[in-house]
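Colleague: Could you take me through the largest pocket of this model in some detail? I would like to know which residues line the largest pocket.

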Amino acid sequence: MKQPPSMKVLACNMKMACSFEILDQVESFLKTLDGEDLDIIYAVPFPYLTQADKRLASQKNIRIFAQDVSQFTENAHTGEVSAEMLEDLSITGTIIGHSERRAQFNESNDVLETKILRAMKNNLQIIFCIGESEPQRNKNETLSVIRDQLSVIQPFLNETPIYIAYEPIWAIGTGKVPQNKQIEEVALEIRKFIEKEECNSKIPILYGGSVNEQNAEDLSKMESIDGFLVGGCCIKPEIVQVGKYLSKRK
Ligand code: PGA
């Protein structure tokens, strides 16, 4: 099984923010990061995948992902994009289970499991997102929520390259970031789950939620995570500094 190459992962989720102008800017930020010790992923909206692949993925450590994939395989699903299509476009992988999709498009564990299956069958790598809401954290349910979400990928851990991104919902786009020890507690739980499954390769664990140039240095110190999933700041110049902090860590 082909695993992701590096353990300093700078994964970027552009969300619904892309244009040719933004791609130009991102291209210039990434040129500044050329030569850094990073595994860079940009998850790009569907219409821009091919352009992004042409322009950004010419650097050896950059790969283009989709932000989602359909649970369906073919035909009567207007507006959907299948895993077969992504493979046909030579796209490396896809995010699955982002909390915005879970919340806005009612994506249940069953739907996510089907999406993982489709991605796997079409040789797509997967960034699988998990994370608790603020009320769940306040009720001390974080670890049980995490365990339930992880159960979806359990059958696939040894089958396909997977990154697990811990993104507390209350930290996404809010400027609030958990304390390092709160992230480490969850990362440890994820690591325990992976070890129990006797996975034959190291699965990168990412942290996501309001990562920016102010907090990236401190967040990079955590040995229990292998990198970040960055949203809002990935189309801004500060992504360069975030990448540099990550690259410099031991
Ligand atoms: P944010 O988003 O960095 O803007 O908080 C992260 C994400 O949604 O993946």
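**A look at the largest pocket**

Modeller: Happy to! Let's begin with a contact between two side chains: Arg 101 places its charged end over the ring of Phe 105, 3.9 Å from the ring centre. Please keep in mind that this is a predicted model. Both Arg 101 and Phe 105 belong to the lining of the largest pocket, where they are among the residues nearest its centre, together with Phe 46, Gln 67 and Asp 68. In total, 19 residues line this pocket, and the space inside comes to about 500 Å³. Helix α4, which spans residues 99-104, gives the largest share of the lining, with 3 residues. By character, the lining is made up of 8 nonpolar, 6 polar and 5 charged residues.

For comparison, you may like to see the second largest pocket, with about 260 Å³ of space. Its lining also has 19 residues, and those closest to its centre are Gly 173, Ser 210, Val 211, Gly 232 and Cys 233. Here the division is 5 nonpolar, 10 polar and 4 charged.

Since you are looking at rings, the model also has 3 aromatic pairs. In one of them, the rings of Phe 20 and Tyr 48 have centres 5.5 Å apart and planes at 75 degrees; this angle is over 60, so the pair counts as edge-to-face. Phe 20 sits in helix α1 (residues 20-32), while Tyr 48 is in the loop between β2 (39-43) and α2 (49-56), so the pair ties together parts 28 residues apart in sequence. Phe 20 has a relative accessible area of 47%, which makes it partly exposed.

Methods
Residues numbered from 1 in each chain as written. Predicted model: local features only at pLDDT ≥ 70, side-chain atom pairs only at ≥ 80, totals over all residues. Heavy atoms only, no water. 1 Å grid on protein atoms, 1.4 Å probe; cavity = no way out; pocket = protein on both sides within 12 Å on 5 of 7 lines; lining within 4 Å. Points joined across faces, edges and corners; volume = space filled by probe spheres on them. Helix = DSSP H or I, 4+ residues; strand = E, 2+ residues; numbered from the N terminus. Nonpolar A, V, L, I, M, F, W, Y, C, P; charged D, E, K, R; others polar. Phe/Tyr/Trp six-rings, centres within 6.5 Å; stacked < 30°, edge-to-face > 60°. Buried < 20%, exposed > 50% of the residue type's maximum accessible area, 1.4 Å probe, protein only. Lys NZ or Arg CZ within 6 Å of the ring centre and 35° of its normal.
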